Amino acid sequence: MFALVKKTLIFLVLLAIPNFIIAEERKFNLGKIATKTEIAGWDIDVRPDGLGAPLGSGSAIKGEEVYAEQCASCHGDFGEGLDRWPELVGGEDSLDTHDPVKTTGSYWPYASTMYDYIYRAMPFGVAQSLTHDETYQVVAYLLYMNEIIDEDFVLNDKNIGKIKMPNVEGFLMPDPRPDIANVNGNPCMQNCDTPTKIIGKARDIDVTPEEEKS
Amino acid sequence: MEKNKKKKIKLNRRELLAGTASLGALALTSKAGIAETNPNNLPPNVPEWTAELGAGVDANPYGMPSEFEKNVIRRNVEWLTASTESSVNFTPIQDLEGIVTPNGLCFERHHGGVSIINPKDYRLMINGLVDREMIFTLDDLKRFPQTNKFYFLECAANGGMEWKGSQLNGCQYTFGMVHNVQYTGVKLSDLILETGLKPKAKWVLAEGSDSSGMTRSIPIEKILDDCMIAWAMNGEALRSEQGYPARLVVPGWEGNMWVKWLRRLEFGDMPYMTREETSKYTDLLPDGKARMFTWVMDAKSVVTSPSPEKSILYKGIHQLRGLAWSGRGKIKRVDVSLDGGKNWQTAKLHDPVMSKSLARFTLPFEWNGQELLVQSRAIDETNYVQPTIHELQKLRGVNSIYHNNSIATWKVNKDGTVDNVRLG
């Protein structure tokens, strides 16, 4: 009998602990609890491990059509980038050269980012208008154009987190700054050894916008 | 006689206005900037603005700058970007005094244009690894404990065009992706008292509701340290182009993280690796590897006058002026050189000097028509010394784009004009 009472008491105490914390935590009683439907509509991000990838699928073959219709007018038929719009394809082996070309293929470390960004921000000015399948199709097409997957590979919510991008090892963390020589707040003040020859002038480059003359 | 005098003054006023228009253009060419004076307004004459009544109250219910300050505006570099909706312009820091940037002059950086949001329709969602996933209205946010703080906001790409050499001949174009205002808002450490936080929450995804759906991952330590959601700047509601009705404030860290039109904070156990922290805002090194998550804005300073837009017009005494800031804390000291970095003198730092805020410095100097190579060098409270471009290039090459906090050189020519030059 006593044992039962003891057990019950312990049970009640255990039950009480989380309630106690919750009561403490909600300090101001402001805002409202978000519903699952509200969250589903806004929680559109997709993580490198695939978390957040919505149900859907698409291949490069289908993606070519969507790309031609929705993307090519700015990014070019082959992802080469028109005017100053970004290049999406190529650039391999260019990152350590004088003129690096940073594309989804040569630079982007995760395919998830392509899905996330294209769905949330593209086509430019018509954000979040592609269907999930169309988005998978376009991502598949770009991965195919960058020779990362075959044209009949079906990209979907299960495998987008497993695509290995060529430059996934190309990023360094953590931030090593401050990375300059530490002079402990006491830099040279007089007769310092520093070059003072003029080797370049912005005026000579001549790309500074000029004011309109009225 | 009286009548004639008045008529003459009126005529002169028209002439003056016409003169001002062309003066505007002249001043903008970074030459002179000397107003054409009207002798009728000078002693011993009675100026026209004394002889006539001025405009009454409410002529401008929201006051605007003087018509003679029309050249003090944000400017962009058209060739930099494909469209103005995904572009940047620059604060005219060469024309500003003190440390407060007027709201209408704060530089703009948009990725999908300026969202116009009715505050009644504003919602902030908090989801992920919290005890309670919640939604807040703007009125809800304003009922939390309030905080008021001055912070600078600098784009990580400020000076990005200058890595390879001096390219843009302007203080505005090379240093103007920075502004400094007083924010009013709620600290995130207060906001999460309402949602609770699960122990596994290590990262926060901040998401904007603009057409680019701007997103960045921020470590939880920073979120709980000093981040805030602001709804006001310099005493009034945020400007639309600065994220009205609410934006994230991430003191001392790169401006891209200060998500405007903030709609959602998601708490997670790993970074989200958004486009803005992988494809962009990563710093490419000469070996082809890139630094990632380089958030802090290192100490930096610039001489705003003399500068390419601010020629020296007179011989004799002048007050050199400039701005300094550091994402790691307070500015401790600013040195100025007039001979390209061979000899330095310490400038006067003006109160208030606040952590992660612009600081103003001045230094009197004599100019007698000689060439000068003007530089400034900031030192912050961590004893970090602003580097030369050569020090940065040695470590990071010339293709980093971001985080160029090096010392600039303005060459004062014998005629008083000023050039952005590179020494080597």
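Of the 214 residues that make up chain A in this predicted model, 29% count as buried. The secondary structure of chain A comes to seven helices and five strands, and, read from the N terminus, these elements follow the order α-β-α-β-α-α-α-α-β-β-β-α. When contacts in chain A between residues at least 6 apart in sequence are considered, 60% of them join residues at least 24 apart.

**Where chain A meets chain B**

- On the side of chain A, 71 residues are in contact with chain B, and on the other side 87 residues of chain B take part.
- Seven elements of chain A each give two or more residues to the side that touches chain B, and among them are helix 1 (2–25), helix 2 (36–42), helix 5 (111–121) and strand 5 (198–201).
- Helix 5 of chain A supplies the largest share of this side, namely six residues.
- Sorted by character, the residues of chain A on this side divide into 35 nonpolar, 14 polar and 22 charged.

**Strands that pair across the two chains**

- Strand 5 of chain A is joined by three bridges to strand 24 (residues 418–423) of chain B, and these two strands run antiparallel.
- Within this pairing, A:Ile198 has B:Leu423, in strand 24 of chain B, as its bridge partner.
- An open sheet with mixed pairing is formed by six strands, in the order 1(A)-5(B)-4(B)-13(B)-8(B)-9(B).
- The edges of this sheet are strand 1 of chain A and strand 9 (215–219) of chain B, each of which pairs on one side only.
- At the end of the sheet that belongs to chain B, strand 8 (residues 203–208) and strand 9 pair in the antiparallel sense over five bridges, and B:Ala206 has B:Arg216, in strand 9, as its bridge partner.

**The largest nonpolar core**

- In soluble globular proteins, nonpolar side chains tend to be buried together.
- Here the largest nonpolar core has 135 residues, and those with the most contacts inside this core are A:Val139, B:Ile229 and B:Ala230.
- Helix 6 (residues 132–145) of chain A gives the most to this core, with nine residues.
- From chain B, domain 2 (103–291) and domain 3 (300–421) each contribute at least three residues to this core.
- If its neighbours within four places in sequence are left aside, B:Ile229 is in contact with residues including B:Leu141, B:Val186, B:Leu188, B:Ala246 and B:Leu262.

Key:
Residues numbered from 1 in each chain as written. Chains lettered and ligands numbered in written order. Predicted model: local features only at pLDDT ≥ 70, side-chain atom pairs only at ≥ 80, totals over all residues. Contact = placed C-beta atoms within 7 Å. Helix = DSSP H or I, 4+ residues; strand = E, 2+ residues; numbered from the N terminus. Nonpolar A, V, L, I, M, F, W, Y, C, P; charged D, E, K, R; others polar. Pairing = 2+ DSSP bridges. Core = buried A, V, L, I, M, F, W, Y, C linked by C-beta atoms within 7 Å. Buried ≥ 20, exposed ≤ 12 C-beta atoms within 10 Å, placed from the backbone. Domains from an automatic or database assignment.
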